[in-house]
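Notebook open, coffee poured. I want to look up how some strands pair up here, and what any enclosed space is lined with.

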Amino acid sequence: MDSALLIPVISVIIGALIAVIFFRNYFSKRRSEVQTISHPELPSDPKKHQKPLQTKKSHYKSHSHSHSSDKDQNKKHHPLDLNTLKGHGDSVTGLCFSSDGSSLATACGDGMIRVFKLDDASSKSFKFLRINVPAGGHPTAVAFGDDASSVIISSQGLSGSSLYMYGEEKAKASDETKQQTKLPLPEIKWENHKVHDKKSVLTLVGATASYGSADGSTIVASCSEGTDIRLWHAKTGKLLGDVDTNQLKNTMATLSPNGRFIAAAAFTADVKVWEVVYSKDGSVKEVLRVMQLKGHKSAVTWLCFTPNSEQIITASKDGSMRIWNINVRYHLDEDPKTLKVFPIPLHDSNGATLYYDRLNISPDGKILAVTHGSTLQWLCVETGKILDTAEKAHDGDITWISWAPKPIPSGGKRVLVLATASVDKKVKLWAAPSLS
């Protein structure tokens with residue numbers, strides 16, 4: 001071999017030997033380190049050999065157990081939490097109690113209305129009836145008609161909003177007793193389409209017309225996302241009146257319990273109120289705008305009437321709530337009066353006041369249930385003070401709240417019950433807090 005080539009070949013061989021020796025020492029050292037770290041386990045014992053993974057697994061189990069505990073705690077996380085109505089396949093968009101409090105109807109994004117029979121609010125299971133909304137629409141709100149056997153539904157489809165009334169076949173006289181305990185049959189009695197053109201229904205509220213010469217039938221107000229509000233006869237589906245808020249966009253509208261007034265919260269700080277005027281024969285004659293509540297400095301987010309229909313409670317983005325007396329001689333130009341102003345007692349982590357997006361007053365007029373997102377509070381109507389708070393009442397925003405119109409059975413006694421609906425596919429039942 002040429003001496004010129006011999007030298008490079010020898011150099012390569014020597015370099016390779018040095019590299020082998022170096023890496024051998026390196027891996028020998030690494031093996032020693034690994035054995036030192038894992039000294040408690042013997043490689044021959046597979047159970048102990050998995051121990052380092054077990055630490056990680058144990059941590060995961062602990063986290064899972066903690067998460068499970070949180071879930072269990074959420075189920076019973078509040079002493080006023082009575083029960084949860086499950087089985088909804090999507091966001092629950094609305095709910096309503098029957099006038100006797102024995103039934104609770106829910107509207108759900110899965111295309112179904114469910115009517116639960118509330119024999120006992122604390123029961124482990126409830127009988128309920130499913131009503132499928134006609135194809136092409138999804139329910140947005142629900143209200144009861146004259147009794148628990150008639151349910152009125154608003155449904156939104158591509159062509160606009162529709163109203164359907166489901167009810168039972170007329171029972172025979174001998175079956176009257178049975179009729180009172182039966183759930184409504186899913187049979188359409190009347191239907192109206194494009195009730196607000198292509199706009200969806202935001203709220204659907206019923207009331208028994210008991211003021212003045214009213215005939216005692218149920219009337220229903222549907223409020224669109226536009227500026228119109230329509231009044232319907234619950235039994236026949238006849239359009240009784242139509243008003244326009246002229247405030248760019250509605251937020252909600254409701255009826256007074258006696259069927260005398262309609263009040264609406266919209267884009268502005270003012271609340272407009274209309275009176276439903278009845279004829280001598282008890283039918284609706286006309287709907288007239290009679291007053292306007294002025295005093296808030298920012299948009300009113302929600303409102304409700306007191307049980308006696310003489311006052312309105314409003315919540316605003318200005319950080320306040322107001323109680324208004326509307327039992328005034330407006331025909332003599334007497335203005336509604338502000339009786340009380342309360343600061344909203346809910347703040348974020350920075351101390352900024354939050355606004356309420358739902359209000360509902362208990363049937364005895366003493367407790368105001370309010371919500372913001374997934375937070376539920378109970379306030380004293382007399383003082384505006386917080387009676388209780390459920391900071392995470394649901395696992396998502398609360399979409400609707402409603403008090404049962406009278407105490408209902410729960411665990412052997414009768415209690416005032418509040419129902420809440422949410423995007424978390426659940427409906428919860430809550431006991432009223434103590435006022436003391």
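First lookup: in strand S30, threonine 420 is the bridge partner of isoleucine 401. Before going on, I note that this is a predicted model, where local features need pLDDT of at least 70, side-chain atom pairs count only at pLDDT 80 or more, and totals for chains, interfaces and linings use all residues. Numbering starts from 1 along each chain as its sequence is written, and side-chain values use heavy atoms, with hydrogens and water left out.

**Open sheet.** I traced S27 against S30 (residues 417-422) and got antiparallel pairing over 5 bridges. For me, strands are DSSP runs of E with at least two residues, numbered from the N terminus, and two of them pair if DSSP finds at least two bridges between them. S27 and S30 belong to an open sheet of 4 strands in the order S1-S31-S30-S27, paired antiparallel. Its edge strands are S1 (81-85) and S27 (398-403), each pairing on one side only. From one strand to the next the twist averages 20°; axes here are lines fitted to C-alpha atoms, and angles run from 0 to 180 degrees between N-to-C directions.

**Around S17.** I checked burial next, counting a residue as buried under 20% relative accessible area (1.4 Å probe, protein chains only). In S17 (residues 271-278), 7 of 8 residues are buried. S16 (residues 261-266) runs antiparallel to S17, joined by 4 bridges, with alanine 263 partnered by valine 273. A hairpin of 4 residues links S16 to S17. To S18 (residues 284-293), S17 has 8 bridges, again antiparallel, and valine 271 stands opposite leucine 293 there. The S17-S18 hairpin has 5 residues between the strands, and glycine 282 takes a positive phi near 95° in that hairpin.

**Around S24.** S24 (residues 367-372) is mostly covered too, with 5 of 6 residues buried. I found 4 bridges between S23 (residues 358-361) and S24, in the antiparallel sense; leucine 359 has valine 370 as its partner. In their hairpin, with 5 residues between the strands, glycine 365 has a positive phi near 75°. S24 is joined to S25 by 6 antiparallel bridges, with isoleucine 367 opposite cysteine 380. That hairpin has 2 residues between the strands, and glycine 373 takes a positive phi near 60°.

**Cavity.** How many cavities of 30 Å³ or more does a search of the whole structure find? I got 1. My cavity is a set of points on a 1 Å grid over the protein atoms alone where a 1.4 Å probe fits but cannot get out, and lining residues have an atom within 4 Å of a point. The volume is about 60 Å³, taken as the space filled by probe spheres set on the points. Among the lining residues are Ile313, Arg322, Phe342, Leu368, Cys380 and Gly384. S21 (320-325) and S25 (375-380) are the elements that give two or more residues to the lining, and S21 has the largest share with 3. By class I count 8 nonpolar, 1 polar and 1 charged; Ala, Val, Leu, Ile, Met, Phe, Trp, Tyr, Cys and Pro go as nonpolar, Asp, Glu, Lys and Arg as charged, the others, Gly among them, as polar.

**Record check.** The unreviewed UniProt entry annotates "repeat: WD" over residues 85-126 and 293-327; such annotations may be inferred rather than shown by experiment. Over 293-327 I get 0% helix and 54% strand, with the end C-alpha atoms 13 Å apart.

Key. On a 1 Å grid over the protein atoms alone, a cavity is a set of points where a 1.4 Å probe fits but cannot get out, and a pocket is an open set with protein on both sides within 12 Å along at least five of seven lines; lining residues have an atom within 4 Å of a point. Buried means under 20% relative accessible area, exposed over 50%, partly exposed in between (1.4 Å probe, protein chains only).
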